[in-house]
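Colleague: I would like to learn how to read a model like this one, feature by feature. Could you take me through it slowly, with the general idea before each case?

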Amino acid sequence: MNIVTTPDSVLEMTLAAMSRTPDERLRTVMASLTRHLHAFVQETRLTEEEFEHALDFIVGIGQATGDKKNEVVLAADLLGVSTLVALQNNQDPQGESPAALLGPFWRANAPLCTPGESIARSTTPGVPLDVTGVVRDSAGRPVAGAIVDAWQASPVGLYENQDPAQQDMNLRGRFETDADGRFRFRTVRPAGYPVPVDGPCGVLLQAQQRHPNRPAHIHFMVSKPGHKVLITQVFADDDENLESDPVFGVTRRLIGRFQPQQGNAAATLEHDFVLEPGEMKFPRPPIP
Ligand code: BEZ
Ligand code: FE
């Protein structure tokens with residue numbers, strides 16, 4: 001009779017029960033996940049209390065997800081999984097720009113702006129910043145008509161959807177590259193900010209004695225039909241937390257050159273992007 005006998009037999013029976021899954025990829029992924037989960041439970045000798053706590057955490061991140069933040073994405077980010085998936089799937093074989101995690105705050109349909117327009121729609125404190133760059137394909141040719149979608153937190157450390165004092169879509173905008181692949185927009189220098197700590201992820205960070213502060217950055221999503229959508233971030237080169245980003249987003253090539261102007265009263269950032277040929281497929285927005 002094929003019934004459970006020992007703890008090890010639970011794994012064999014679970015894998016056997018899932019083995020008829022017609023979708024091959026689903027079968028492979030679920031079998032691997034199940035093997036790793038069982039190994040984890042055995043390695044740690046997980047107690048019933050710890051198991052209950054883990055399930056409460058998963059329920060909690062779902063319940064803490066809404067219009068203002070996506071706590072499930074945040075949990076994946078804090079575990080390093082989002083960065084691992086981004087790096088593993090974007091190995092820049094032909095010199096394409098490096099990718100970075102999407103994060104929980106991208107919103108689809110940011111306003112389409114004219115070249116040079118400012119994305120600071122509310123009165124936004126901070127050092128004025130001019131951002132320029134060129135989008136190229138992997139052969140080095142400029143890509144005209146690419147959409148450069150940029151979003152960032154305000155210098156008070158909050159995205160507009162978290163902060164009633166900011167206008168809808170403040171510090172978010174999309175720009176189309178010109179015939180030479182160029183884009184340009186104005187904003188304010190981003191500041192570092194803490195990831196949300198008011199939910200289960202904040203409790204976890206505290207228990208692990210980890211600080212929540214991301215180094216200052218601007219997010220970019222660059223798209224053009226016939227190319228893979230590039231999701232990335234550009235970090236301020238002078239931020240004290242570059243080496244301790246709680247979501248592990250910083251790689252050397254993602255550090256931008258923020259150049260002070262007029263004795264620190266303004267700044268510029270020049271940053272180019274290289275797209276990889278492929279299908280233009282957008283991610284699902286983590287928040288509406
Ligand atoms: C962000 O950069 O928007 C972000 C990324 C991961 C966690 C929290 C915020
Ligand atoms: Fe961010």
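**Reading the model**

Modeller: Let us begin with a single residue, Leu171, which counts as buried because its relative accessibility is 0%, and keep in mind throughout that this is a predicted model. Leu171 lies in the loop between strand E2 (147-151) and strand E3 (172-176), and its phi is near 60 degrees, a positive value in a residue other than glycine.

Colleague: Which other residue that is not glycine has a positive phi, near 55 degrees, and is that residue buried or exposed?

Modeller: That residue is Gln209, with phi near 55 degrees, and its place is the loop between helix H6 (200-207) and strand E6 (213-214). Gln209 has a relative accessibility of 78% and therefore counts as exposed, whereas Leu171, at 0%, is buried.

Colleague: Before we go further into single residues, what does the secondary structure of the protein come to, and what does the C-alpha trace span along its principal axes?

Modeller: The protein has six helices and twelve strands, and its C-alpha trace spans about 75 × 40 × 30 Å along the principal axes. Of its 288 residues, 40% count as buried, while the exposed surface is about 15,900 Å², of which carbon and sulfur atoms supply 55%.

Colleague: How should I read the contacts and the charges of the protein?

Modeller: For contacts, one asks how far apart in sequence the partners are: among contacts between residues at least 6 apart, 73% join residues at least 24 apart. For charges, one compares mean positions, and those of the 26 positive and 36 negative charges lie 6 Å apart.

Colleague: Now the metal: which residues of the protein are donors of the iron ion (ligand 2)?

Modeller: The protein donors are Tyr159 and Tyr193, each through OH, together with His217 and His219, each through NE2, at 1.9 to 2.1 Å from the iron ion (ligand 2). Their spacing in sequence is Y-x33-Y-x23-H-x1-H. Within this set, Tyr193 in strand E5 (residues 193-194) and His217 in strand E7 (residues 217-223) are 24 residues apart and link distant parts of the chain, and both Tyr193 and His217 are buried.

Colleague: Why is the arrangement around the iron ion (ligand 2) irregular?

Modeller: The general idea is to compare the angles with the ideal ones, which for six octahedral donors are 90 or 180 degrees. Here the six donor atoms around the iron ion (ligand 2) subtend angles of 54 to 162 degrees, and the arrangement is therefore irregular. The cut-off that matters in this step is that, for six donors to count as octahedral, angles other than those between opposite donors must lie between 65 and 115 degrees.

Colleague: How do I set separation along the chain beside separation in space, and where is Gly60?

Modeller: One reads the two separations together for a chosen pair. Gly60 is in helix H3 (residues 48-63) and counts as buried because its relative accessibility is 15%; its C-alpha atom and that of Val72, twelve residues along the chain, are separated by 9.1 Å.

Colleague: Which loop holds Asn264, and how many residues separate Asn264 from Pro128 in sequence?

Modeller: Asn264 is in the loop between E10 and E11 and, with 56% relative accessibility, counts as exposed. Asn264 and Pro128 are 136 residues apart in sequence, while their C-alpha atoms are 9.6 Å apart in space.

Colleague: What are the C-alpha separations of Gln262 from Glu243 and of Val156 from Phe282?

Modeller: Gln262, in the loop between strand E10 (258-261) and strand E11 (266-270), is exposed with a relative accessible area of 66%, and its C-alpha atom is 29 Å from that of Glu243, 19 residues away along the chain. Val156, in the loop between E2 and E3, is exposed with a relative accessible area of 55%, and for Val156 and Phe282, 126 residues apart along the chain, the C-alpha separation is 29 Å.

Technical notes: Residues numbered from 1 in each chain as written. Chains lettered and ligands numbered in written order. Predicted model: local features only at pLDDT ≥ 70, side-chain atom pairs only at ≥ 80, totals over all residues. Heavy atoms only, no water. Helix = DSSP H or I, 4+ residues; strand = E, 2+ residues; numbered from the N terminus. Buried < 20%, exposed > 50% of the residue type's maximum accessible area, 1.4 Å probe, protein only. Contact = heavy atoms within 4.5 Å. Areas by Shrake-Rupley, 256 points an atom, 1.4 Å probe, with all protein chains shown as cover. Lys, Arg positive; Asp, Glu negative; His and termini not counted. Charge placed at Lys NZ, Arg CZ, Asp CG, Glu CD. Donors = N, O, S within 2.8 Å, 3.2 Å for Na, K, Ca; no water. Tetrahedral: all angles 85-135°; square planar, octahedral: opposite > 155°, others 65-115°.
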